[in-house]
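Grab a coffee and work through a few exercises on the structure below. Each one sets a task and then walks through the solution step by step.

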Amino acid sequence: MKLKHLHSWDITPKDAVQLQHALRDQVIADRPLDLSKIRTVAGVDVSVKNNVSQAAVTVLTFPDFKPVETALAQRPTTFPYVPGLLSFREGEVLVDAFTKLKNVPDVFMFDGSGYLHPRRIGIASHIGLWLGVPTIANAKNRLCGAHDGVGPERGDWRPVTHKDEVIGAALRTKAGCKPVFVSAGHLSDLESAVSLVMSCLTKYRLPEPVRAAHKAAGVFG
DNA sequence: GCGACAG
DNA sequence: ATCTTGTCGC
């Protein structure tokens, strides 16, 4: 698929923060998704092994999760892991994988945060600007913000707030397991993101698109 | 100053 | 993220 080249990935952590401030206003995180029109969903993930990053984008049919296509890409891992700057560590290799992707899905589900970010531009939102296609975020841990206790049943959730703003949701995707942190990416909104994640659950804590991408990224070839 | 901190 | 077997709990 074709991507929009918005900037270079060869920058310092300090300049990356400035770039986030310059890009944040372009992110659309208040646009509802029409779940009834979604026919394909792609999971996005990156694994790191011996200083080599491998990106995986796996497209699945929705809502039956049949595999359609998986695009992979590899690159030396250069940018360090800095909380809040994950998109600069995984962005370039992800763009390589997206460029190889033939089937453009209706929405991309990232393993990481989106609007739930100190500057409201986590990896799902940032890369969403390059994609120009709806994205949502599903993180396994909380990057920032706070929330009250989440109920014990699958589907229970509580808003995550940061500086008096609701930026995401702590969602119980499976009883007995810790919640996941859902947020809007780009061209989506929190409510739609929570609905889509819930619609992508089977018998595990993580939604199928993310599980599929994680599995594909972990196996080098 | 101290603690928190996606993957 | 990654290093790693068995084990406790819903």
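## Exercise 1: the backbone of DNA strand C

Lys 140 puts a polar side-chain atom 2.8 Å from a phosphate oxygen of DNA strand C. Before going on, some housekeeping: this is a predicted model, where local features need pLDDT of at least 70 and side-chain atom pairs count only at pLDDT 80 or more, while totals for chains, interfaces and linings use all residues. Residues are numbered from 1 along each chain as its sequence is written, chains are lettered from A and ligands numbered from 1 in the order in which they are written, and side-chain values use heavy atoms, with hydrogens and water left out.

**Task.** List the residues around DNA strand C and work out which part of the strand they meet.

*Step 1.* Take every residue that is near the strand (one of its heavy atoms lies within 4 Å of it). That gives Ser 47, Val 48, Lys 49, Lys 140 and His 214.

*Step 2.* Look at the DNA side. Sugar and phosphate make up 100% of the strand C atoms that come within 4 Å of the protein.

*Step 3.* Pick out polar contacts (pairs of N or O atoms within 3.5 Å; within protein, one must be able to donate a hydrogen and the other to accept it, and residues adjacent in sequence count only if both atoms are side-chain atoms). Besides Lys 140, Val 48 has a polar backbone atom 3.2 Å from a phosphate oxygen of strand C, and His 214 has a polar side-chain atom 3.4 Å from one.

*Step 4.* Assign elements; helices (H or I, at least four residues) and strands (E, at least two) are DSSP runs, numbered from the N terminus. Strand 1 (residues 40–49) gives the most to this surface, with 3 residues.

## Exercise 2: DNA strand B

**Task.** Describe the surface near DNA strand B and find backbone atoms that reach base nitrogens.

*Step 1.* Count the surroundings: 18 residues, the closest being Tyr 81, Gly 84, Lys 140, Asn 141 and Arg 142.

*Step 2.* Check the DNA atoms. Sugar and phosphate account for 51% of the strand B atoms within 4 Å of the protein.

*Step 3.* Go for the bases. Backbone N or O atoms sit 3.2 Å from a base nitrogen at Leu 85, 3.0 Å at Leu 86 and 3.0 Å at Ser 113.

*Step 4.* Sort by class: Ala, Val, Leu, Ile, Met, Phe, Trp, Tyr, Cys and Pro count as nonpolar, Asp, Glu, Lys and Arg as charged, and the others, Gly among them, as polar. The tally is 7 nonpolar, 5 polar and 6 charged residues.

*Step 5.* Helix 2 (residues 86–100) gives the most here, with 3 residues.

## Exercise 3: helix 3 and the cores

**Task.** How many residues of helix 3 are buried, and what covers them?

*Step 1.* Apply the accessibility cut-offs: buried is under 20% relative accessible area, exposed over 50%, partly exposed in between (1.4 Å probe, protein chains only). In helix 3 (residues 123–131), 9 of 9 residues are buried.

*Step 2.* Find the cover through contacts (heavy atoms within 4.5 Å). It includes helix 1 (13–23), helix 2, strand 4 (107–111), strand 5 (135–139) and strand 8 (180–186).

*Step 3.* Step off the end: Gly 132 follows helix 3, with a positive phi near 70°.

*Step 4.* Now the nonpolar cores, sets of buried Ala, Val, Leu, Ile, Met, Phe, Trp, Tyr and Cys residues joined through side-chain atoms within 4.5 Å. The largest has 35 residues, and Met 1, Leu 94, Phe 98, Phe 108, Phe 110 and Leu 131 touch the most other members. A second, separate core of 21 residues includes Ile 38, Ala 169, Leu 171 and Leu 196.

## Exercise 4: two threonines in a loop

**Task.** Are Thr 77 and Thr 78 buried or exposed?

*Step 1.* Locate them. Thr 77 lies in the loop between strand 3 and helix 2, and Thr 78 is in the loop between strand 3 (67–76) and helix 2.

*Step 2.* Read the accessibilities. Thr 77 counts as buried because its value is 14%, whereas Thr 78 is exposed at 69%.

*Step 3.* Look at Thr 77's neighbours. Leaving out residues up to four places away in sequence, Thr 77 touches Val 48, Asn 51, Val 52, Ser 53 and Arg 89. A polar atom of the Thr 77 side chain is 3.5 Å from the backbone nitrogen of Val 52.
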